[in-house]
Amino acid sequence: MYKRKFHYDCLPKYIRENGNVENRESEKSDWDQLYQYFKKEILGLSDGTKLDKHSVERLLGMRVGRYKPNATNTRTIKQGYPFKVILNTFKFKKSAIDHALKTVNFKNQEHEVDYIMKIVEGDLAFIQKRMEIAERNQKRIEKIKKEEATTRSTAYKSKGTGKRKVAFD
């Protein structure tokens, strides 16, 4: 049962796309990893503290491709970048972020977060493309391994009579 209203034809489509519990759980896990990495590794906050509202909105905004998500559901949609891509981009740009945090004087926490997000936003498309290439290569490797396993299991059949042909002059 859903509390929101759907068009007659839209409810089955919504259930097909968003009803998969595994997708929702994996995205929830990815969000948690991104949140914890940003909190601990980037901002250096302790375990007991929470991120401020501006930081959370900026992270969710990156998910949907906006500055901040305006009443937008950021989970299980096909718009923007997945949380894994954002997390890997943060890891990729960690040295640039650390350098900026040491050298730039910030007015306040929001200015610092916006500066960090601007550093990361430039490479989101690059990291997403690299991750897609890596995923395709992984699928190819799995396909080759499966093919090798099937060819090794079949018995070897020799061709011909088994006698060598020797040519004499």
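## Close-up views of a predicted model

**View 1. Helix α7 gives the most to the lining of the second largest pocket, contributing four residues.** Keep in mind as you look around that this is a predicted model. The pocket in this view, the second largest, has a volume of about 190 Å³. Two elements each give two or more residues to its lining: α4 (83–92) and α7 (124–153).

**View 2. Here are the residues that line the second largest pocket: D30, P82, K84, V85, Q128, M131, E132 and E135.** Sorted by class, four residues of this lining are charged, three are nonpolar and one is polar.

**View 3. Helix α6 covers residues 109–121, and its length can be checked with simple arithmetic.** With 13 residues at 1.5 Å a residue, α6 should span 18 Å, and because its end C-alpha atoms are 18 Å apart, the two values agree.

**View 4. Which residues of α6 are buried?** They are E112, V113, I116, M117 and V120. Looking down the axis of α6, you find its buried residues within an arc of 130 degrees, so they line one face of the helix. A general rule helps here: an α-helix has 3.6 residues a turn, so residues three or four places apart point the same way.

**View 5. At the N-terminal end of α6, N108 acts as a cap.** One side-chain oxygen of N108 lies 3.3 Å from the backbone nitrogen of E110.

**View 6. Stepping back, the protein has seven helices and zero strands.** Starting from the N terminus, the elements run α-α-α-α-α-α-α. Of the 169 residues in the protein, 24% count as buried.

How values were computed. Residues numbered from 1 in each chain as written. Predicted model: local features only at pLDDT ≥ 70, side-chain atom pairs only at ≥ 80, totals over all residues. Heavy atoms only, no water. Expected span 1.5 Å × (residues − 1). Buried < 20%, exposed > 50% of the residue type's maximum accessible area, 1.4 Å probe, protein only. Arc of directions from axis to C-beta. Polar contact = N/O pair within 3.5 Å; in protein donor to acceptor, adjacent residues only side chain to side chain. 1 Å grid on protein atoms, 1.4 Å probe; cavity = no way out; pocket = protein on both sides within 12 Å on 5 of 7 lines; lining within 4 Å. Points joined across faces, edges and corners; volume = space filled by probe spheres on them. Nonpolar A, V, L, I, M, F, W, Y, C, P; charged D, E, K, R; others polar.
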